[in-house]
Amino acid sequence: MNVLLLAPSVGGHEDDVCGELLHGPSDRERALLVTCMESPAERLAVWTDHEDGRPEDATVIDVEADARSTAAAAAAGDAPNAVVESVGAEVDLAGLGDVIDRHLAEFGADGDTAVCVHSVSDLLQRADEAAVFKFLEVLTSTVERAGAVGHYHLNPDVHDPETIRTFEVLFDSVVDLRTANVADE
Amino acid sequence: MSPTSEPPRQSVQMNPDETTDGGSDETADDESERRARSDEVPLGERVVLVADRDPAVTDELAAVLREQFTVRSAYDSADALASLDADVSVALLDPTISGLSARRVVDRVRTGGTDCQVAALTDDPLDIESTAFDDYLLKPVAHDHLTRTVERLSRRAAYRTTLEAYYRVARDRLDADPEERERLDDRLAELDDRLDAVFGALDGPEAYDAALRELDADF
């Protein structure tokens, strides 16, 4: 299953909802996090702060680390009990997809893996809308095939409404934190 | 010599408006519709183009492929480039044919409105990542390897063109009036089903590559 998480710049309890989606009702044991602008430690903290704690196996795919602020980079050393794989800025979306696919395969296909992509907005800084759309179609299909549950952060404040509505067709459901309504597609 | 096409050029007759010459005044809607329709062509009616510098090799490979595909043979670069239209989903080309460099092929594929998969027919192994080709076939080509490769490239072509159509319809439906939108929603659901079906036969890296690979003319 794949969920689009529309999280505005301010408010909306993005981290709380992200933690809920990662843990799920059955307290999943494995998680695959993709991060662009935030450090792996910052993303891991999102569910460390969750009441059920952190899953046993965490892998963080760290994209675009060079572009990150020095403050975020300083926090990057603190990612215990997690595998961090850095993906350089020269790697294109197909290359990023291959890395995600490899880690997803390592986790196996027994349906107990959570996937968090933070964020689609950052990916749209790297590539045009058509390319990101196609990348996400493949990614959501591989997540579905692995029996995993994925959610994908997108900041609705920084994109055209047309872009958001185009991307919505790729997902099973959309959680819009601007209204806190959950709409099934 | 004009390109030959056997069995009879059913795919051309089916969509007479799909020639690259006649479509210059198509609107964007016509264009997406045209692409969408071409996705519905069954595997056996997708066209494979074969052009080796040795006419005997061209004929041999074409004969093997005709058991499953509609095949066009070409014997020089002018034939081959003229045959690379929107009906072609897989092209097997010998880059040592004079005038059939990777750059010429890529230029033709880009300007012809076609989005086919291209495999090189070569005498030596290629590092495919550093070329504009999607794959290569080392000569002499074993017949079962030939068939398997074309089947795989055909699936990749189908995934790529279906995904492009899916994106276009997802975009077009935003501006559609309610009646049109209902039709496009149905279309979107059909394309989604077809994507899922083709995806089932691809592994992850193949799907990413088919979806996103840009032909690189720098070769």
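This is a conversation about reading the helices, core and chain contact of a predicted model.

Trainee: Where do I start with chain A, and how many helices and strands are there in it?

Mentor: Start with the inventory. Chain A has seven helices and eight strands. It runs to 185 residues, and 43% of them count as buried. Keep in mind that this is a predicted model.

Trainee: And what elements does chain B have, in what order?

Mentor: Chain B holds eight helices and six strands. Reading from the N terminus, you get β-α-α-β-α-β-α-β-α-β-β-α-α-α. Of its 219 residues, 41% are buried.

Trainee: What share of the contacts in each chain joins residues at least 24 apart?

Mentor: Take the contacts between residues at least 6 apart in sequence. In chain A, 79% of those join residues at least 24 apart. For chain B the share is 66%.

Trainee: Now the place where the chains touch. How many residues does each chain bring to the contact?

Mentor: Chain A gives 18 residues and chain B gives 17. On the chain A side, helices H4 (93–107), H6 (129–145) and H7 (161–168) each supply at least two residues. H6(A) has the largest share there, with nine residues. By class, that side of chain A splits into eight nonpolar, four polar and six charged residues.

Trainee: How do I describe a pair of helices that pack across that contact?

Mentor: Two numbers do the job: the angle between the axes and the distance between them. Here, H6(A) packs against H6(B) at about 115°, and the axes are 10 Å apart. The crossing of these two is right-handed.

Trainee: Which residues meet there, H6(A) to H6(B)?

Mentor: From H6(A) you have A:Ala130, A:Phe133, A:Lys134 and A:Glu137, and they meet B:Leu163, B:Tyr166 and B:Tyr167 in H6(B). There's a handy rule for spacings like these: an α-helix has 3.6 residues a turn, so residues three or four places apart point the same way. Sorted by class, this contact has five nonpolar, no polar and two charged residues.

Trainee: What about a pair inside one chain, say H6(B) and H8(B): what is the angle of their crossing?

Mentor: Helix H6 of chain B covers residues 143–172 and helix H8 of chain B covers 204–212; their axes come within 8 Å and cross at roughly 55°. That angle falls outside the parallel, antiparallel and perpendicular ranges, so H6(B) and H8(B) are oblique to each other. Their crossing is right-handed.

Trainee: Which side chains should I select to see that packing of H6(B) and H8(B)?

Mentor: Pick B:Arg156, B:Tyr159, B:Arg160 and B:Leu163 in H6(B), which meet B:Glu206, B:Ala207, B:Ala210 and B:Ala211 in H8(B). This contact comprises five nonpolar, no polar and three charged residues.

Trainee: Why is H8(B) described as largely enclosed?

Mentor: Count its buried residues. Seven of the nine in H8(B) are buried, so the rest of the structure largely encloses that helix. The buried ones are B:Gly204, B:Ala207, B:Tyr208, B:Asp209, B:Ala210, B:Ala211 and B:Leu212. Their cover includes parts of both chains: H4 and H6 of chain A, along with H6 and helix H7 (178–199) of chain B.

Trainee: Which residues have the most contacts inside the largest nonpolar core?

Mentor: That core has 101 residues, and the most contacts inside it belong to B:Val48, B:Leu49, B:Leu92, B:Leu93 and B:Tyr159. H6(B) supplies the largest share, twelve residues. Now look at B:Tyr159 again. Neighbours within four places in sequence aside, B:Tyr159 contacts B:Leu195, B:Val198, B:Phe199, B:Leu202, B:Ala207, B:Ala210 and B:Ala211.

Trainee: Can we finish with single residues? Is A:Val132 buried or exposed?

Mentor: A:Val132 sits in helix H6 of chain A. The cut-off for buried is 20 or more C-beta neighbours within 10 Å, and A:Val132 has 20, so A:Val132 counts as buried. Beyond four places in sequence, A:Val132 touches A:Val120, A:Leu123, A:Leu124 and A:Ala127. A:Ser121 is eleven residues away from A:Val132 in sequence, with 9.7 Å between their C-alpha atoms.

Trainee: And how many C-beta atoms surround B:Asp172?

Mentor: B:Asp172, in helix H6 of chain B, has 19 other C-beta atoms within 10 Å, so B:Asp172 is partly exposed. From B:Asp172 to B:Leu184 is twelve residues along the sequence and 8.0 Å from C-alpha to C-alpha.

How values were computed:
Residues are numbered from 1 along each chain as its sequence is written. Chains are lettered from A and ligands numbered from 1 in the order in which they are written. This is a predicted model: local features need pLDDT of at least 70, side-chain atom pairs count only at pLDDT 80 or more; totals for chains, interfaces and linings use all residues. Helices (H or I, at least four residues) and strands (E, at least two) are DSSP runs, numbered from the N terminus. A residue is buried if 20 or more other C-beta atoms lie within 10 Å of its own, exposed if 12 or fewer, and partly exposed in between; C-beta atoms are placed from the backbone. Two residues are in contact if their C-beta atoms, placed from the backbone, lie within 7 Å. Ala, Val, Leu, Ile, Met, Phe, Trp, Tyr, Cys and Pro count as nonpolar, Asp, Glu, Lys and Arg as charged, and the others, Gly among them, as polar. Axes are lines fitted to C-alpha atoms, for helices over the stretch in contact, and angles run from 0 to 180 degrees between N-to-C directions. Angles under 35 degrees count as roughly parallel, over 145 as roughly antiparallel, 65 to 115 as roughly perpendicular and the rest as oblique. A crossing is left-handed if the near helix is turned anticlockwise from the far one by less than a right angle, and right-handed if clockwise. A nonpolar core is a set of buried Ala, Val, Leu, Ile, Met, Phe, Trp, Tyr and Cys residues joined through C-beta atoms within 7 Å.
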